[in-house]
Amino acid sequence: MIIIVARSGAGFGVLVGSDLVEEFDQADMARACAARLCEEASARGESFSWVDVSQASAPLAMGRTP
């Protein structure tokens with residue numbers, strides 16, 4: 001499982017893989033959500049990676065298909 005914090009159209013989004021889980025106005029709130037998702041995955045014994053690209057200059061195109 002890959003958990004991503006990224007800029008979105010509404011501020012900052014938290015994605016699990018390519019699925020947008022939630023959006024926040026502040027990056028710190030998105031990071032807290034990602035940390036909670038990591039804790040939950042760890043408790044279930046799942047392997048995961050966490051990536052914070054919230055400082056990227058452009059929002060990711062979430063929910064769009066090529």
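This section describes the fold, the nonpolar core, the salt bridges and selected surface positions of a predicted model.

The chain contains one helix and four strands. Read from the N terminus, these elements follow the order β-β-β-α-β. Of the 66 residues of the chain, 30% count as buried. The chain exposes about 4,300 Å², and carbon and sulfur atoms supply 53% of that area. When contacts between residues at least 6 apart in sequence are considered, 45% of them join residues at least 24 apart.

The strands β1, β2 and β3 are linked through two hairpins. In the hairpin formed by β1 and β2, two residues lie between the strands. The pairing of β1 with β2 is antiparallel and extends over six bridges. Within this pairing, alanine 6 has glycine 13 of β2 as its bridge partner. Strand β2 also pairs with strand β3 (residues 19–24), again in the antiparallel sense, over five bridges. Here the bridge partner of phenylalanine 12 is phenylalanine 24 in β3. The hairpin of β2 and β3 likewise has two residues between its strands, and glycine 17 in the turn adopts a positive phi of about 65 degrees. Strand β2 (residues 11–16) is largely enclosed by the rest of the structure, because five of its six residues are buried.

Leucine 20 belongs to strand β3. This residue counts as partly exposed, since its relative accessibility is 40%. The C-alpha atoms of leucine 20 and valine 5 are 9.8 Å apart in space, while the two residues are 15 residues apart in sequence.

The largest nonpolar core comprises 11 residues, namely Ile3, Val5, Phe12, Val14, Phe24, Ala27, Ala30, Cys33, Ala34, Leu37 and Cys38. Two or more residues of this core come from each of β1, β2 and α1 (27–43). Helix α1 makes the greatest contribution to the core, with six residues. In soluble globular proteins, nonpolar side chains tend to be buried together.

Contacts around the core also involve a polar residue. Alanine 27 touches Phe12 and Ser54, leaving aside residues up to four places away in sequence. Serine 54 is located in the segment after β4 (49–53). With a relative accessible area of 0%, serine 54 is buried. Outside the residues up to four places away in sequence, serine 54 touches Val5, Ala6, Arg7, Phe12, Ala27 and Arg31.

Four salt bridges are present in the structure. Side chains of opposite charge can pair when their charged atoms come close. One of the four salt bridges joins the side chains of aspartate 28 and arginine 31, with an N to O distance of 3.0 Å. These two residues are separated by about one helical turn, because they are three residues apart in helix α1. Aspartate 28 counts as exposed at 55% relative accessibility, whereas arginine 31 is partly exposed, with a relative accessible area of 23%.

Arginine 31 forms a further salt bridge with aspartate 52, in which the closest N and O atoms are 2.6 Å apart. Arginine 31 lies in helix α1 and aspartate 52 in strand β4, so this pair ties together parts of the chain that are 21 residues apart in sequence. Aspartate 52 is partly exposed, having a relative accessible area of 30%. Through shared partners, the salt bridges join Asp28, Arg31 and Asp52 into one network. Another salt bridge brings together the side chains of glutamate 46 and arginine 44, at 3.0 Å from N to O. Glutamate 46 counts as partly exposed, at 34% relative accessibility.

A nonpolar patch of about 270 Å² is found on the surface, made by Met1, Phe48 and Trp50. Methionine 1 is placed in the segment before β1 (2–8). With 35% relative accessibility, methionine 1 counts as partly exposed.

Conventions. Residues are numbered from 1 along each chain as its sequence is written. This is a predicted model: local features need pLDDT of at least 70, side-chain atom pairs count only at pLDDT 80 or more; totals for chains, interfaces and linings use all residues. Side-chain values use heavy atoms; hydrogens and water are left out. Patches are made of residues with over 30% relative accessible area and no salt bridge: like charges are joined within 9 Å, nonpolar side chains (Val, Leu, Ile, Met, Phe, Trp, Tyr) within 5 Å. Accessible areas come from the Shrake-Rupley method with a 1.4 Å probe; for residues, only the protein chains shown count as cover. Buried means under 20% relative accessible area, exposed over 50%, partly exposed in between (1.4 Å probe, protein chains only). Two strands pair if DSSP finds at least two bridges between them. Contact means heavy atoms within 4.5 Å. A nonpolar core is a set of buried Ala, Val, Leu, Ile, Met, Phe, Trp, Tyr and Cys residues joined through side-chain atoms within 4.5 Å.
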